Every structure is written in structure tokens, then in C-alpha cells.
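User: Pick one charged side chain and look closely at its surroundings. Which strand holds it, what packs around it, and how do the charged pairs elsewhere compare in setting?

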Amino acid sequence: MDWEEKFKNKIKPAETALNVIKNGDRVFIGGGAAQPQALVKLLVERGKHLMDTEIIHTLTLGVTPYTSLKFAEVFRHNAFFISEDAREAVREGRAAYTPIFLSEIPKNIKSGLIPIDVTLIQVSPPDEYGFFSLGTSVDIIKSAVEASDIVIVEVNEQMPRTLGDSFIHIDDIKYIIEADYPLPEWLKPEEDEVSQKIGAYTASLVENGSTIQTG
């Protein structure tokens, strides 16, 4: 069977693509501009039949309905990065925050310290050899893909193809759904007077040319 035939066989209807997710599974969702918007919406629909399912992620852009209060009994939300849409859930104790350096996450995934049952990601259309690019957000997604038991991808026609160690082959994908929409964007917040004053005070304390160490 060639890869094109495998591709066709792995395309599933939206309403059945996530039926493989079971109660108690840990689900990793790709983040940033590569957050799989359609799969996230499907996951929430699947939530009607789930209990105690943990969702882990880094920066989220776009839709995050699983942070809603009405899903508190269904999804355990664990953020490695507190995005604006997750802030309220973390503050109210409905979601957990795991403080960790981004660079530390891949080795913890690979070692099994952070086990993953299902990974949901967005990818570019495949090339002539059946390889999909992880696009705009390779970061820790590459490790999640390699360590996950099941990988479900959302193939977005508008996801750019990036080169380097950023590919996943059709053989490593369980199911595929197709999508076509603009990637979500990070919108710069408007500056306010307080932030400007803080910036001015900070700048007055730092000499030109200094290297600043954090963490």
C-alpha cells in the first residue's frame, strides 16, 4: 500500500476521529499558531463521553473551550504555560500549572516522566513521500509525537511547511482530519500607562550593554 492510499484510509469523519480517547487518558495538544482548532472543538464534543481526561499544553492560541467551568468534571487541565485564556481556570484552582523550562519538557516526555496517551496536532499537507511538516510550532511537539501512543493530526492547507527536524510520516499517524483556515495569531496587547512607567523605571536601573540573567 503506497502512502497516498494510507492517507485516504486514515481520513476519518470529524465526529469519530477522537473516539480513541478513553477515560483517564492524558492528551497533549499542540500549541501556538499550530494549535489544532478543529480537533480542540471535537475534543470538547467527545467530552460528553469522557471523565478524568487530562489535557496538557504550552502556549494556546485560538479556541480553548475545555477551560470552561462546565467541563471541570470532564477535563483536568495542566498548563506548562499560562495563556490568557487559561489564567482564570488556574487562579480558581480548576486547572493546574506546572512550572518548567520549555527546554526541559522534551527530555521529561522522552523519559516517560510526562507520559502521553494521545497527541493532537496541526500539520501541513504531505509531500510526495508522505511526510507532513509540523509547521510553525515544532518546539516540544516533536517529542510529544514520538512518545505518544496515538497521534491524530489536523491537516491544514494554510499551515506553512518548515524544514529541518520537523516531520512526521503517514505511518506514525493514527487518524487524519482535513481543515482549511488561517492560523491563529498572537495579538500584541495595548500598552497602558502603568506598563510604560514600569518599563521606564526598569530601564533607568540597567546600564546600556548589560546582560540580564533570569531564572
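Analyst: Glu 154 is buried (under 20% relative accessible area with a 1.4 Å probe, protein chains only; exposed is over 50%, partly exposed in between). Yet Glu 154 has no salt bridge (a side-chain nitrogen of Lys or Arg within 4 Å of a carboxyl oxygen of Asp or Glu). The nearest side chain of opposite charge is Lys 41, at 8.7 Å. Here Lys and Arg are positive, Asp and Glu negative; His and the chain ends are not counted.

This is a predicted model: local features need pLDDT of at least 70, side-chain atom pairs count only at pLDDT 80 or more, and totals for chains, interfaces and linings use all residues. Residues are numbered from 1 along each chain as its sequence is written, and side-chain values use heavy atoms, without hydrogens or water.

Glu 154 sits in strand E7. Strands (E, at least two residues) and helices (H or I, at least four) are DSSP runs numbered from the N terminus. E7 is mostly covered, with 7 of its 7 residues buried. Both of its faces are covered. Ile 150, Ile 152, Glu 154 and Asn 156 are on one side. Val 151, Val 153 and Val 155 are on the other.

What flanks E7? Strand E5 runs parallel to E7, joined by 6 bridges. In that pairing (at least two DSSP bridges), Thr 119 stands opposite Val 151. E9 also pairs with E7 in the parallel sense, over 5 bridges. There, Asn 156 stands opposite Ala 179.

Now the contacts (heavy atoms within 4.5 Å), leaving aside neighbours within four places in sequence. Glu 154 touches Pro 36, Gln 37, Ala 38 and Leu 39, among others. Its contacts also include Ile 121, Gln 122 and Val 123. Ile 177, Ala 179 and Tyr 181 are on the list as well.

Helix H2 (residues 37-46) is mostly covered too, with 7 of its 10 residues buried. Gln 37 and Leu 39 are among the buried ones. So are Val 40, Leu 42, Leu 43, Val 44 and Arg 46. The buried residues of H2 pack against several strands, including E5 (118-123), E7 (150-156) and E9 (175-179). E1 (26-29), E2 (53-57) and E3 (75-79) are on that list as well.

Elsewhere, charges do pair. The count comes to 11 salt bridges. Glu 54 forms one with Arg 26, the closest N and O atoms being 3.1 Å apart. Glu 54 lies in E2 and Arg 26 in E1, so the pair ties together parts 28 residues apart in sequence. Both Glu 54 and Arg 26 are buried. Arg 26, Asp 52, Glu 54 and Arg 76 are linked in a network of salt bridges.

Asp 171 pairs with Lys 6, with closest N and O atoms 2.7 Å apart. Asp 171 lies in the loop between E8 (167-169) and E9, and Lys 6 in helix H1 (residues 3-10), so this bridge ties together parts that are 165 residues apart in sequence. Asp 171 is partly exposed at 44% relative accessibility. Lys 6 is partly exposed at 23%.

Lys 142 bridges to Asp 165, with closest N and O atoms 3.3 Å apart. Lys 142 is in helix H5 (residues 141-147), Asp 165 in the loop between E7 and E8, 23 residues apart. Lys 142 counts as buried at 14% relative accessibility, whereas Asp 165 is exposed at 59%.
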